[in-house]
Amino acid sequence: MSDSCKVAILGATGAVGTELLELLQTRNFPVTELKLLASERSAGSTLKFKGQNLQVEAVTDDSFQEVDLVLASAGASTSKVWAKKAVEAGAIVIDNSSAFRMDPEVPLVVPEVNPKAAALHKGIIANPNCTTILMSVAVWPLHQIQPVQRLVVATYQSASGAGARAMAEMKTQAKEILDGEAPTTDIFPYPLAFNLFPHNSQLNEQGYCQEEMKMVNETRKIFGYNELRITATCIRVPVLRAHSEAINLEFAQPFSVVKAREILSQAPGVKLVENWQENYFPMPMEASGKDDVLVGRIRQDISHPGGLELWLSGDQIRKGAALNAVQIAELLVAKNWLRTPVGTF
Ligand code: A2P
């Protein structure tokens, strides 16, 4: 990478923020200066970057002066307040929240699927929802061979999707339950340890929660395929940090399982994990900390000649969030799209 830039992480102390920090280091992203931004709560605390202790600052109107790139992961309401201010100050924002994802002016990018969309940014690029990213990476290569006509997905989503405090809450609940105490709930509406529940985002009139509609709408936008028939059921499960998904795809013609395996074994960002003798397939514990989305258990759907079943596990914090954002940043630097926005937001 030839270029170098001044980077700010908004939400630096969170689950995704700390992963962003690590990825900028390990992937050798060309950072010349790094600002760590969060709320007043963690102002003054320190985080390590390349052996140095950097102080976390509370985000203010002046935070984005001289910043080239903002990696934001502090929730939608925080992004709504700060993203446009950062763009006005001259920065490009890669936003991990849902604030701008469906804005027609904002590209929604998974580098393995629609990298060219990033070139059309006007200052803000949205990082998709975590379950949507993981699914897109696995489904897109098959969709290139034969268009998916209908997609049915059920998710098994880890605590990490609700942030660092939610992960801590689940650990505490597990201990409380093992000690015979009533589990305390603060972040989640119900105990998650030794339990599961449908994703607790807001329900619409049709009974779909926001998370499910994110999968529907964002997949269509990323694939550039508004006609895709897609339905989702999102479930929070007591897993610490990787999401899993059971995906049923329907094609007009049968899709050979052998062909699907061959394609997915070469697909960027995918690792085929299948040992049928051992009943060994992707598991969230093995996906944790990995860059690749683990895909396996590819089967012909016995209920439909054009149906194909897949199972995947992928690290929600990594490819589902921080890694995808850093890959977008790398793309901007490599293509020189960082400094030449087509227009201002
Ligand atoms: P803080 O540590 O100061 O609360 P997670 O998704 O893991 O819960 O992390 C959320 C991140 O977003 C944290 O870094 C958190 O900082 C930050 N954050 C939350 N609310 C705000 C806000 N109003 N302004 C700036 N940063 C915020």
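**View 1. Strands 12 and 13 lie side by side and run parallel.** Strand 12, made of residues 270-272, is joined to strand 13, residues 293-300, by three bridges. To find your way into this part of the predicted model, look for Val270, which stands opposite Val293 of strand 13.

**View 2. On to strand 14: a hairpin with strand 13.** Here the pairing is antiparallel, with five bridges between strand 13 and strand 14, the latter covering residues 307-315. Six residues sit between the two strands of the hairpin. A handy landmark is Leu294, with Ser313 of strand 14 opposite.

**View 3. Stepping back, we get an open sheet of seven strands.** Read across the sheet, the strand order is 9-10-8-11-14-13-12, and the pairing is mixed. Which strands are at the edges? They are strand 9 (197-198) and strand 12, each of which pairs on one side only. As you trace any regular strand, keep in mind that side chains alternate between the two faces of the sheet.

**View 4. Strands 8 and 10 are a parallel pair within that sheet.** Strand 8 spans residues 150-157 and strand 10 spans residues 229-236. How many bridges join strand 8 to strand 10? The count is eight. Gln157 is a good residue to zoom in on, as Arg236 of strand 10 stands opposite.

**View 5. Cysteines, but zero disulfides anywhere in the structure.** Why is there no bond between Cys130 and Cys234? Cys234 holds the cysteine sulfur closest to that of Cys130, but at 8.8 Å the two are too far apart for a bond. Cys234 is in no disulfide either: the nearest cysteine sulfur to its own belongs to Cys209, 5.3 Å away. For comparison, the cut-off for a disulfide is a pair of sulfurs within 2.5 Å. Is Cys130 buried or exposed? Cys130 is buried, with a relative accessible area of 10%. Cys234 is buried as well, and its relative accessible area is 0%.

**View 6. A nonpolar patch on the surface, built from Ile177, Leu178 and Phe194.** Together these three residues have about 330 Å² of accessible area. Ile177 belongs to helix 4, which takes in residues 164-178. With a relative accessibility of 30%, Ile177 counts as partly exposed.

**View 7. Two of the seven aromatic pairs in the structure.** A pair of aromatic rings is described by how far apart the centres are and by the angle of the planes. Take Phe251 and Phe255 to begin with: their rings are tilted, with 50 degrees between the planes and 4.7 Å centre to centre. Both Phe251 and Phe255 are buried. Now swing over to Trp276 and Phe281, an edge-to-face pair at 4.9 Å centre to centre, with 75 degrees between the planes. The partners in this edge-to-face pair differ in exposure: Trp276 is partly exposed at a relative accessible area of 38%, whereas Phe281 counts as buried at 8% relative accessibility.

**View 8. Three aromatic residues form one cluster.** Which residues make up this aromatic cluster? They are Phe188, Tyr190 and Phe197.

Key:
Residues numbered from 1 in each chain as written. Predicted model: local features only at pLDDT ≥ 70, side-chain atom pairs only at ≥ 80, totals over all residues. Heavy atoms only, no water. Buried < 20%, exposed > 50% of the residue type's maximum accessible area, 1.4 Å probe, protein only. Patch = residues over 30% accessible without salt bridge, like charges linked within 9 Å, V, L, I, M, F, W, Y side chains within 5 Å. Areas by Shrake-Rupley, 256 points an atom, 1.4 Å probe, with all protein chains shown as cover. Salt bridge = Lys/Arg side-chain N within 4 Å of Asp/Glu carboxyl O. Helix = DSSP H or I, 4+ residues; strand = E, 2+ residues; numbered from the N terminus. Pairing = 2+ DSSP bridges. Phe/Tyr/Trp six-rings, centres within 6.5 Å; stacked < 30°, edge-to-face > 60°.
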